[in-house]
Each structure stands twice: as structure tokens, then as C-alpha cells.
Amino acid sequence: MAQFKLVERENHLHLHAVFDTKERAERHLREVIPVYCERGYFMDKTLMPNSFEIIAA
């Protein structure tokens, strides 16, 4: 089964989520991550929505 990971562009070891489909990963990146960044949910306050990318596991 394919898996997709949402990681930070600067360091792929900083894993934020794992998804079973690429569509779900893209939706999360498009709809959820901007809200999390805006509300300051991440410890690293410099993270922006473009700080993340989806990679195949």
C-alpha cells in the first residue's frame, strides 16, 4: 500500500503526517496546514504553508 508523508522541505526527517492517498495529503496541505501556521500550532513559528512538501514513502 502506498503511503505519502507530509514533511518539511528543509529537513525530511521532520515528519508531520502520513496519509494513505496523495489526494488526502494534498487536501491537508492545502486546507489544514495554512490554518495551523496562522494559529501558531507549530513549535517552529517560522513555518509557513510553503515550508512543507509531500513525498512518497
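This is a chat about the sheet, the aromatic rings and the salt bridges of one predicted model.

Me: Let's start with the sheet, so how many strands are in it, and in which order?
Reply: The model, which is a predicted one, has an open sheet of three strands in the order β2-β1-β3, and the pairing is antiparallel.

Me: Which strands are at the edges?
Reply: The edge strands are β2, residues 15-19, and β3, since each of them pairs on one side only.

Me: And how do strands pair in general?
Reply: Strands of a sheet pair through backbone hydrogen bonds, and the pairing can be either parallel or antiparallel.

Me: OK, how many bridges are there between β1 and β3?
Reply: Strand β1, which covers residues 4-8, pairs with β3 over five bridges in the antiparallel sense. As one example to look up in the structure, F4 has A56 in β3 as its bridge partner.

Me: Switching to the rings, how many aromatic pairs are there?
Reply: The count comes to three aromatic pairs. One of them joins Y36 and Y41, whose ring centres are 5.1 Å apart with the planes at 55 degrees, so this pair is described as tilted.

Me: Why is it called tilted and not edge-to-face?
Reply: The planes would have to be over 60 degrees apart to count as edge-to-face and under 30 to count as stacked, and because the planes of Y36 and Y41 are at 55 degrees, the pair is tilted.

Me: Is Y36 buried, exposed or partly exposed, and why?
Reply: Y36 counts as partly exposed, because its relative accessibility is 31%.

Me: What about F42 and F52, how far apart are their rings?
Reply: F42 and F52 form a tilted aromatic pair as well, with 5.4 Å from centre to centre and 40 degrees between the planes. This pair links distant parts of the chain, as F42 is in the loop between α1 (22-39) and β3 (52-56), while F52 is in strand β3, ten residues apart.

Me: Are those two buried or exposed?
Reply: Both F42 and F52 are buried.

Me: Which residues make up the aromatic cluster?
Reply: One aromatic cluster is formed by Y36, Y41, F42 and F52. Y41, like F42, can be found in the loop between α1 and β3.

Me: And which residues make the nonpolar surface patch?
Reply: V35, Y36 and Y41 make a nonpolar surface patch of about 270 Å², so two members of the aromatic cluster, Y36 and Y41, appear in this patch too.

Me: New topic, how many salt bridges does the structure hold?
Reply: The structure holds four salt bridges. One of them is between R9 and E53, whose closest N and O atoms are 3.7 Å apart.

Me: Which parts does that one tie together?
Reply: R9 lies in the loop between β1 and β2, whereas E53 lies in strand β3, so the pair ties together parts that are 44 residues apart in sequence. R9 itself counts as partly exposed, because its relative accessibility is 46%.

Me: Which salt bridges does E31 form?
Reply: The side chain of E31 meets that of R27 at 3.4 Å, N to O, and E31 also forms a salt bridge with R30, where the closest N and O atoms are 3.7 Å apart. Salt bridges that share partners thus join R27, R30 and E31 into one network.

Me: How are E31 and R27 placed along the helix?
Reply: E31 and R27 are four residues apart in helix α1, so about one helical turn separates them.

Me: And are the three buried, exposed or partly exposed?
Reply: E31 counts as partly exposed at 41% relative accessibility, R27 also counts as partly exposed at 44%, and R30 counts as exposed at 54%.

Notes:
Residues are numbered from 1 along each chain as its sequence is written. This is a predicted model: local features need pLDDT of at least 70, side-chain atom pairs count only at pLDDT 80 or more; totals for chains, interfaces and linings use all residues. Side-chain values use heavy atoms; hydrogens and water are left out. Rings of Phe, Tyr and Trp (its six-membered ring) pair if their centres lie within 6.5 Å; planes under 30 degrees apart count as stacked, over 60 as edge-to-face and the rest as tilted. Buried means under 20% relative accessible area, exposed over 50%, partly exposed in between (1.4 Å probe, protein chains only). Helices (H or I, at least four residues) and strands (E, at least two) are DSSP runs, numbered from the N terminus. Patches are made of residues with over 30% relative accessible area and no salt bridge: like charges are joined within 9 Å, nonpolar side chains (Val, Leu, Ile, Met, Phe, Trp, Tyr) within 5 Å. Accessible areas come from the Shrake-Rupley method with a 1.4 Å probe; for residues, only the protein chains shown count as cover. Two strands pair if DSSP finds at least two bridges between them.
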